[in-house]
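Welcome to a short set of worked exercises. Keep your viewer open, try each task yourself, and then follow the solution step by step.

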Amino acid sequence: MQLSSLLVVLPALPLVAAETVLGTYIFHRHGDRTTKSYSPVSLTPLGADQALASGLWYRHQYLSANASSRIPGMATDLPVLSQLSVTSPVDNVLQGSAQVFLMGLYPPAGSAASQTLADGSSVAMPLGGYQFIPVNAVSTAASSRGSEDDLWLQGGSGCGNAVASSNSYFHSSEYLAALKSTQTFYQSLLPVYNTTFPSATASFKNAYAIYDYIHVSEIHNASSTISSAGLLTNETLHQLQTRADQHEWGLAFNSSEQVRAISGSLLAAQIVQALNNTLAAPVGKTSAQKMTIQFGPYGTFMAFFGLAKAPAASPEFYGIVDYASSMVFELVTNASLDDSAAAVSPDKVSVRFRFANGTASNANPPRTFPLFGQTETTLPWSTFVSEMNKFAIGSNEAWCKACGPTGACAEIAQNGSSVSTAASTDGSSTGGISTPVAGVIGAVVTLAVILGLEGLIMAVAGLRLTKKGKKNDAVRKTSNSDNGSDA
């Protein structure tokens, strides 16, 4: 074909519209913190820096004027609060991480945040134009209440079946085998941590608490200040981490007992609902919610990963996620957005899952993975919703069916109250969770309720938290219960 003929043909070829990210849902872990072996647990300068860097990366990805995946209509420099939904448990580490993350997402506005008064004088916002973006705590978040310092009180979770499932891990053949096979290993490291974990508590039963104590020390203390640091070889540190991964996964997820991963089920419903709200709004509606951000504990990551079959895509999903890790669900379309006054048809929208293990950055950008045991990384909206709804819990009926007729569910059954579904198969909202059950959910998903998150191990071992400086008194036998705390 001659060049002149080719030029005639080219204009007739159909043009493929560029992909547009309509909105996102981000679930984020807190940054680096002090050890849970001593209270109060607090966000460190390193942890704040990690959260800030992550916020900056997401800004450059979705908000900056020249961002390749800029969300249409999303404010770039001065936030429009109706476009954002940011939640976190009432906890200083998670709340602090969320606030610093937002400083990266919307940095100080400088002169743009100044104001000229009627008398001609000028007033500037403090701290160079610091942007005040609220971080809300809601009772129905997937990790809604609790504190890094609180004990994990399983009996108060409100989901009896989830409590029983999580506790049953301590009677499983897997746990008992690991407890026996690692006894010598943990006892051999007593010189490293015997002032905090005496011989009676130095076992796989405390795999996470021991790992956390050493992990924090390795980050913040010079090696010479760690007792018997020579014992902590790379191989030993690796085994401490992988055993902690094994322990926490056992508490967070069981393929034959979905209720154990209750917080992952709640998160799934929230993701579908938030993305559906974005999808239902006209593209050009500047007041519409376009970005949802929730901060929570690693246990919720693990619960969701298990339910969504993420380990089938990579063994990376089996372990405890690093500080400041984040997973993001992108609502994308290749449809033309010429009519900004209309919403994009759901059949032209897909969802993509991305995950960054550790702080999101140019060196560690969130990577794309398939979910639900599939191979495709970008799923049609209807397929995504259908797969999520296989394990999502977003209604009174689903909650009470999973948790059993106790607490608020017993009250609802007695009063004959009706239940409603929170998300239909197409993601549309048709109701919600009632006040009594919402309160119960607020308890069950506190930073790791039935997932045995971090502090669980401490209570299992009979530990109690004390202020720093009282290291020799940090461990006390308290009870034989399997209560603990989350982190």
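**Exercise 1. A strand and its surroundings**

How many of the five residues of strand β5 (residues 291–295) are buried? Keep in mind as you work that this is a predicted model.

Solution. Start with the cut-off: a residue is buried when its relative accessible area is under 20%. Apply this along the strand, and five of the five residues of β5 turn out to be buried, so the strand is largely enclosed by the rest of the structure.

Next, sort the residues by face. In a regular strand the side chains alternate between the two faces of the sheet. In β5, one side carries Met 291, Ile 293 and Phe 295, while Thr 292 and Gln 294 are on the other, and both faces are covered.

Finally, look for the pairing strands. β1 pairs with β5 in the parallel sense over five bridges, and Thr 24 has Met 291 in β5 as its bridge partner. Strand β2 (residues 84–87) also runs parallel to β5, joined to it by four bridges. Here Leu 84 has Met 291 as its bridge partner in β5.

**Exercise 2. Salt bridges and the parts they link**

Find the salt bridge between Arg 33 and Asp 212, and work out which parts of the chain the pair ties together.

Solution. First check the contact: the side chains of Arg 33 and Asp 212 meet with an N to O distance of 2.9 Å. Then place the partners. Arg 33 lies in the loop between β1 (20–28) and α2 (45–62), and Asp 212 is in helix α9 (residues 207–220), so the pair ties together parts that are 179 residues apart in sequence. Last, check exposure: Arg 33 is buried at 0% relative accessibility, and Asp 212 is buried at 2%.

Now try the same steps on Glu 316 and Arg 367, whose side chains meet in a salt bridge at 2.4 Å, N to O. This pair links distant parts of the chain, with Glu 316 in the loop between α12 (298–307) and β6 (326–333) and Arg 367 in strand β8 (residues 367–368), 51 residues apart. Glu 316 is partly exposed at 23% relative accessible area, and Arg 367 is also partly exposed, at 41%.

A third pair is Lys 390 and Glu 387, with their closest N and O atoms 3.2 Å apart. Lys 390 is exposed at 55% relative accessibility, whereas Glu 387 is buried at 16%.

To finish, look for shared partners: salt bridges join Glu 19, Glu 330, Arg 352 and Arg 354 into one network. The structure holds eight salt bridges.

**Exercise 3. Enclosed space**

How many cavities of 30 Å³ or more does a search of the whole structure find, and which residues line them?

Solution. Rolling a probe the size of a water molecule over the atoms shows where empty space is left. The search finds two cavities of 30 Å³ or more.

Take the largest cavity, with about 90 Å³ of space. Its lining includes Leu 22, Pro 72, Thr 278, Lys 290 and Val 344. Sorted by class, that lining has eight nonpolar, two polar and one charged residues.

Move on to the second largest cavity, with about 60 Å³. Among its lining residues are Val 351, Arg 352, Phe 353, Phe 372 and Phe 384. Strand β7 (residues 349–356) gives the most to this lining, with three residues. By class, the lining has eight nonpolar, one polar and two charged residues.

**Exercise 4. Backbone angles worth a look**

Which peptide bond is cis, with omega near -5 degrees, and where are Lys 309 and Phe 372, each with a positive phi?

Solution. Begin with omega: the cis bond runs from Ser 39 to Pro 40. Pro 40 sits in the loop between β1 and α2.

Then turn to phi. Lys 309 is not a glycine, yet its phi is positive at about 60 degrees; this residue is found in the loop between α12 and β6. Phe 372 has a positive phi near 65 degrees and lies in the loop between β8 and β9 (378–380). As a last check, Phe 372 is buried, with a relative accessible area of 8%, and Phe 372 also lines the second largest cavity.

Terms used:
Residues are numbered from 1 along each chain as its sequence is written. This is a predicted model: local features need pLDDT of at least 70, side-chain atom pairs count only at pLDDT 80 or more; totals for chains, interfaces and linings use all residues. Side-chain values use heavy atoms; hydrogens and water are left out. A salt bridge is a side-chain nitrogen of Lys or Arg within 4 Å of a carboxyl oxygen of Asp or Glu. Helices (H or I, at least four residues) and strands (E, at least two) are DSSP runs, numbered from the N terminus. Buried means under 20% relative accessible area, exposed over 50%, partly exposed in between (1.4 Å probe, protein chains only). On a 1 Å grid over the protein atoms alone, a cavity is a set of points where a 1.4 Å probe fits but cannot get out, and a pocket is an open set with protein on both sides within 12 Å along at least five of seven lines; lining residues have an atom within 4 Å of a point. Grid points are joined across faces, edges and corners, and a volume is the space filled by probe spheres set on the points. Ala, Val, Leu, Ile, Met, Phe, Trp, Tyr, Cys and Pro count as nonpolar, Asp, Glu, Lys and Arg as charged, and the others, Gly among them, as polar. Two strands pair if DSSP finds at least two bridges between them.
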